[in-house]
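Visitor: Could you take me closely through one part of this model, the sheet and the helices that pack around it?

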Amino acid sequence: MAANSDAIGPHRAAARERAAQYLLRRHRFTWAEALPWVIALACFFLFPGRMVFGNQLLIWLMFAVSLDLILGYAGIVTLGHAAFFGIGAYAVGLGAAKLGWTEPISGLFAAALLAALVGFISGWFLLRYRGLTLLMLTLATAIMLQEALNLRSDFSGGYDGLPGLTFKPLLGLFDYDLYGHVNYIYVLIVLAIVFNLVRRIVYSPFGQALTGIRENVRRMHAIGSPVHRRLVTVYTIAAGIAGVAGALFTQTNAYVTLSVFDFDNSAKVMIMLILGGTGRLYGAFIGTVVYMVLEDYFSKLSPTFWQFGIGLLLVVAVLFAPRGVLGLIEDAGRFLSRRKP
Amino acid sequence: MPQFANIAVSILFDGLAYAMFLFIVSVGLSVTMGLMGFVNLAHGAFAMAGGYVVVSLTRNLGLGLIPSLIISAIVVGAVSVFFERGLYRRLYKATDLEQVMMTIGLAFMAIATATYFYGPIPKSVPLPQWLQGDVNLGFRTFPSYRAFLIAVGAVLIAVLWYGFERTNIGAKIRAAVDNRRMAESVGINVDLLFTLTFAVGSGLAALGGGLAIQLLGLSPSFAVIYLVLFLIVVAVGGLGSLKGTLLAALVLGIFDTAGKYLFADAGGFFIYAVTVAVLLVKPAGFYGREQ
Amino acid sequence: MKLLRWLGLAALAAAVGTAAQAQTVKIGVVLPFSGANADLGHQIDKAFDLYVKLHEKDIAPYKVDLIKRDEGPPTGAVAKTVTTELITNDKVSLVTGFVFSPSAIALAPVVTQAKTPMIIANAGTAWITNLSPYIVRLSFSMWHPAYPMGAYAHDKIGCKTVAMAYTDFPPGKDSTEAFKTGFEKAGGKIVDSIPMGSPVQVPDFTPFFQKIKDEHPDCMYVFIPSGAHAVGVMKAYGELGMRKAGIKLIGPMDLVPDNKLQDMGDAAIGTIVMGHYARDLDNPQNKAFVAEWHKAYGADSYPDFMSAAGWDTMHAIFDTIKKLKGNLSDGMKVVDAMKGWSTNGPRGHVMIDPATRDIVEDEHAMEIYREKNGKLGEKVLGTTKAVKDECKVLKLGRCGT
């Protein structure tokens, strides 16, 4: 017995060393990862007139990234993610309207905490279920939240919302302009910070565990991994991030209505993410940009029929690019590298 | 009639009519999802298509409502076979997400097409004389159309039950829902079975859509607005179960109607609260299989 | 010499070019062109186009360039983005359209900051015009038809008790509150107020109406968004035999939209609504308007109150262009030019109240009846002249800010 364990020892150590190296390597930034940020900044200078649109795009991007955490990495399929976006949005909205809490950055933290709290509580109960059951439970919870707020529409403003919200200038210095320039940089910086956080999570051992849960939950149970706890943790974090996105939405629009909770939004963000490619961090970036640019283009070209175009794109994407645009790029890359002699 | 009993009867009757609509459209979705595990979010689009076919048949060709409903169901059912063979078939092994995405894409395309041909303005259908007004059942009167809806539902339930429980094909479907691999290994042609079930399910959805025009109006967004309701009925009833879908439709339909009558302030709250309550206790629905 | 001549010609060309440009007024049109509410957008858009087509020679040498954008869903975010870009990128002189109140509400701070006039052709929440000094409304507020209906229902129709039912969103609440204020002032009693689900999907109205039927009020006041809901309401009302049970159906004109009236059948006969427009309204401007509409869009297409408002909106804009000689660069001057503007349009006499920048128009009580040719029509029973938005007059809630 002793001889055997000695024989296993060096193998196990070597394996552990390899695993550690792998994780460390993944952590390092590659040059390609700077690309999205460079592009985002370039857009600021190239398209100064489209910053209001760019703003909305970045917010949806953050929302999509938060969904990727639970959908792409943990494999949780939910139809109620807009609930957390809405909670963040209303936390800031009600804070500004009723409590006079107009400082933007602290508002973000408050929104994140509140959304994360709701995520924690709901996740603890709901993540025991899977499949269609979870889908319906998350959807029903989001709708009930919306209905509850509508019930007290004297408080929440109902579908006419809370208008005329004003926020203190950022850091006391930067006030908001009509062109949305300040807002764009603000959201971009927050996105960078949030994304860095997500990236660290994903490349950590925790992130690996999530992938394990997504791929084969039974085996994860079998090796003693605390599956439920991990799922609730990632759900909570994702809820918090979605809350930040919602908070930014209210701040940059100076207005929020109950429609932030709409099922349409949950569906839309899921489509964006899947188009780009789930579970690959940057899929959210590509998917959001592709969807929103196309939507913007089509709705100007023919305001009535962009829906057909998006539908067609989805069908074509599923048939020929099921792992999203990022999947296509990966396939192309593999194809090209194979062709090298 | 004493006031309380009168109210109860009203709620039950209206709830029953609404439940019949939910059942007729959702039963196809439940069986196809149970049989092939395929998440078909375009199901609402088939219902919408059925509704528009009825509109065209009654308004442009002047056919009566009943023949239009039957023709619409057959036409949509037949057309759905092309979709099944051409598109859906390729995704049977795909992930849930991919199925969701493709069928949502189909639904969007259907909505845009309907908008193009019929315009966004909601449509209605002319009713034959005997379906307008009320019908007197002795102890009180009821709206004729809703009575009609309940009658149609009852007939369909009987037919479907017979088909499911008493015919060979029904037995094969039940076997395949229970355990597909086993069914295949005893020689049941599950592929053909699915095409058949899909066609019938889509035809029923079309029928439901046509019947719903009088109840809820028809516009292109019908395809997605009511999709949530159908999914809820299927989830609460349990995939692949006729009994389950019926029970879920009844419970949800009656609770929703009762909620609206008694606690209108709470809005649609009831239907979702009931859904959550049932799913927390029985995650696979009333008669679903734990997976 | 030749060079000088060329330079001279070039300068002249440039001057003509800029003069021609200066003579084109860019107008941003923001309406829902897609989605469930697209038909509302189209009703107004058609009115805009028709007016421009028929009257562009009136403002010569000036021209208008309508830049159209999709308002998107009634959440406000899309409207805000597209309108802001119309102002900053396309440099429009003013923006108009706006079917949904959230869109107008979201844009109030934007138009104030940009000093760009917003001429509302539909959005009906009462306090919208208070949100910015650059907002002018040509359409209506919920209070315009609902408040006078309160007194009218009590005094002229004989409703002593009324049950109200409304779609559960702000316009529904506004309309019923307005009706209640007017009705109770006249001495009536409200027996129930029932919210009937969200505006997104048409619910099955039966349970709500059944409850009202069991309560036996004299009349029921119903507010729903104009469109599919209206047809559903009429169906439920008919099926439950409520008229036979002695419950009259009343409401604002949203209850019987002109382009759906023919589908409503016998159930609609006897319904009394209060509104500022009906297709059958008997004044020369309306007759001409409807005739031109049919000529342009076919015999099956009908204008409705939104089209009439759109028509008057474009009329006001055109008159402002004439008044300011094509120079709309100063937003406040544009707004000032519109204050007090009045005309006889398809709706009758309308005026923009200089104090509130909101519309003042006549409200007509109308009853649905079957004409000799078999079609359903509306006959005017009585008119309340020059109705203002009573919410602002009474300074209730947000209207008082």
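Guide: What follows describes the sheet of chain C and then its helices. This is a predicted model, in which local features need pLDDT of at least 70 and side-chain atom pairs count only at pLDDT 80 or more, whereas totals for chains, interfaces and linings use all residues. Residues are numbered from 1 along each chain as its sequence is written, while chains are lettered from A and ligands numbered from 1 in the order in which they are written.

The sheet is open, with five strands in the order β2-β1-β3-β4-β5 (chain C) and parallel pairing; strands (E, at least two residues) and helices (H or I, at least four) are DSSP runs numbered from the N terminus, and two strands pair if DSSP finds at least two bridges between them. Its edges are β2 (63-70) and β5 (135-137) of chain C, each pairing on one side only. From one strand to the next the twist averages 25°, angles running from 0 to 180 degrees between N-to-C directions of axes, which are lines fitted to C-alpha atoms, for helices over the stretch in contact.

Strands β1 (residues 24-31) and β3 (residues 94-97) of chain C run parallel and are joined by four bridges, with Val29(C) standing opposite Thr96(C) in β3(C). Helix α2 (residues 38-55) of chain C packs on the sheet, touching β1, β2 and β3 of chain C, and its direction makes about 160° with that of β1(C); residues are in contact if their C-beta atoms, placed from the backbone, lie within 7 Å. Helix α10 (residues 305-323) of chain C also packs on the sheet, touching β1, β3 and β4 (118-120) of chain C, at about 145° to the direction of β4(C).

Notes:
Contact = placed C-beta atoms within 7 Å.
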